[in-house]
Amino acid sequence: MKKFSVVIAGGGSTFTPGIVMMLLDNQDRFPLRTLKLYDNDEERQKTLGDALAILLREQAPEIDFSYTTDPEAAFSDVDFCMAHIRVGKYAMREKDEKVPLRHGVFGQETCGPGGIAYGMRSITGMLEIIDYMEKYSPECWMLNYSNPAAIVAEACRVLRPDSKILNICDMPVGTLRRMSQIVGKTPAELEVRYFGLNHFGWWTSVKDQSGHEYIDQIRDYVAENGYLTQVEVDTQHTDPSWQETHRKAKDLLAVAPDYLPNTYLKYYLYPDYVLDHMMEHPEYTRSNEVMENREKHVFDHAKKITAQGSAEGIAFEIDAHASFIVDLARAIAFNTHERMVMIVENNGAIANFPDDAMVEVPCIVGNDGPEALTQGIIPQFQQALMFQQVTVEKLVVEAYAENSYQKMWQALTLSKTVPSAQVAKELLDDLISENGDYWPELH
């Protein structure tokens, strides 16, 4: 079997060790000859890179491993770029969550004003990585799962339309895992139909290989419990904030009970609830939870491995659900025609939605990329919500491309999470001040 060369863009991410462990665990399906990490934060990446170098030397010495801040070294002779960048790191995520609170609006990593701010920061970083990839390895595919995926995907569509980019999110994968627990199956045994935007969609069918439909059984469970399962709590060490999010799905289902909702819809259908919840501890948001838990755990682990000079007994945990990244790479490399939920240009997949919208739907993926499966006509309620949200995302990208203050103001005003144009303007001015080093100048 051919061996592949992979670069992980965002090598200093807390997710990198889990992704590396997952790649090692899948060497029988997707063998590597070279694995490289790339980041523009040398010190942060070095902490993880030194530990991973020790781990690979012990567990996979046949793989040529390196880490670098030099784009030419990172992106030369690579088959796949796996991108999970966070422009501004967790310090800026904390601002994304806390700045909107000053204006009576919730703050969140990918939704509402926080997601818009993060999207504006992310576009420059993504375009830079795409350009490096195309310069040094023109045949390389980018597997992009950087947040906020909706804005990033729209920016790639508009600003790099001919680039070989596959946009995917782990949220449908994680929810399918919980659905499989509810019905006593494995995710591989289930096939879904789904439509929406990233972090903004609905499941319409969940069948097994014999064609048995489980959506009614799952709906009954979600109506009582949300998506939270005890198996998930016991095995995934789910943070309290995520447990609350999965429980809230029962209220999302009550609004539109025909289909199973994406949990992120709580930010759009119940923004007052989210705000009230955040204002109980406005000084301690999700970013603080992540920094004090996952980030501390991962970096402390890396330092222990380096100090010990061995990963024996303290290896990183495998990010098992991230195996969808290998499934996607294999689909391109071996033309497996894998069925996956991906973010793609609509082009008729949803019949009553704009063709140029970046939608999230099941696709068949082969060596030419994804082909969206048709989802037919969607109901008016979901169509209207999606049109409002996709317009926000398009305005953000237009604001970036045109350096337009007006379009950013319009994007925030149109967001279902912001109560008025006046609040939107005040928010925008505050976000410009906080993101000055990362956003293009708006005028």
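1. R286 is found in helix α13 of this predicted model, and a relative accessible area of 18% places R286 among the buried residues, since buried means under 20%. Leaving aside its neighbours within four places in sequence, R286 is in contact with R93, E97, D239, S241, W242 and R294. The UniProt annotation "binding site", which comes from an unreviewed entry, covers R286 together with R93 and N147.

2. Two of the contacts of R286, namely R93 and E97, belong to helix α4 (residues 89–98), whose buried residues are Y90, M92, R93, D96 and E97. Viewed along the axis of α4, these buried residues fall within an arc of 155°, and they therefore line one face of the helix. In general, an α-helix has 3.6 residues a turn, so residues three or four places apart point the same way. The elements against which the buried residues of α4 pack are α2 (42–59), α5 (112–136), α12 (271–279), α13 (286–308) and α17 (421–434).

3. N147, another of the residues covered by the "binding site" annotation in the unreviewed UniProt entry, lies in the loop between β5 (141–144) and α6 (149–159). With a relative accessibility of 18%, N147 counts as buried. When its neighbours within four places in sequence are left aside, N147 is in contact with E109, T110, Y118, S122, V152 and H199.

4. The backbone at N147 also merits inspection. A cis peptide bond joins N147 and P148, with omega about -10°, and P148 is likewise found in the loop between β5 and α6. A reader checking the annotated position N147 will thus want to look at this cis peptide bond as well.

5. Two residues other than glycine have positive phi values in the model. For D77, phi is about 55°, and D77 is found in the loop between α3 (71–75) and β4 (80–83). For H337, phi is near 55°, and the place of H337 is in the loop between α14 (323–334) and β10 (338–345). At 47% relative accessibility, H337 counts as partly exposed.

6. Strand β4, at one end of the loop that holds D77, contains A83, which is buried with a relative accessible area of 0%. Not counting residues up to four places away in sequence, A83 touches A9, M142, L143, N144, Y145 and S146. The C-alpha atoms of A83 and M120, which are 37 residues apart along the chain, are separated by 17 Å.

7. The unreviewed UniProt entry carries the annotation "transmembrane region" for residues 6–24. In the model, the chain over residues 6–24 is 47% helix and 21% strand, and the end C-alpha atoms of this stretch are 12 Å apart. These values deserve to be set beside the annotation when residues 6–24 are discussed.

8. The axes of helix α7 (residues 171–183) and helix α8 (residues 215–225) come within 10 Å and cross at roughly 100°, and an angle between 65 and 115 degrees makes α7 roughly perpendicular to α8. The contact is made by M179, I182 and V183 on the side of α7, and by Q217, I218 and Y221 on the side of α8. By class, the residues of this contact divide into five nonpolar, one polar and no charged.

9. L260, placed in strand β9 (residues 260–261), touches residues that also take part in the contact of α7 with α8, including M179 and I218. With a relative accessibility of 0%, L260 counts as buried. Residues up to four places away in sequence not being counted, L260 also touches G201, W202, W203, V206, I215, R219, V222, Y227 and L253. The C-alpha atoms of L260 and P187, 73 residues apart along the chain, are separated by 16 Å.

10. Finally, H246 is found in helix α10 (residues 240–255) and, at 3% relative accessibility, counts as buried. Between the C-alpha atoms of H246 and L414, which are 168 residues apart along the chain, the separation is 27 Å.

Conventions:
Residues numbered from 1 in each chain as written. Predicted model: local features only at pLDDT ≥ 70, side-chain atom pairs only at ≥ 80, totals over all residues. Heavy atoms only, no water. Axes fitted to C-alpha atoms, helices over the stretch in contact; angles between N-to-C directions. Helix = DSSP H or I, 4+ residues; strand = E, 2+ residues; numbered from the N terminus. Parallel < 35°, antiparallel > 145°, perpendicular 65-115°, else oblique. Contact = heavy atoms within 4.5 Å. Nonpolar A, V, L, I, M, F, W, Y, C, P; charged D, E, K, R; others polar. Buried < 20%, exposed > 50% of the residue type's maximum accessible area, 1.4 Å probe, protein only. Arc of directions from axis to C-beta. UniProt positions renumbered as here; feature names shortened; annotations may be inferred.
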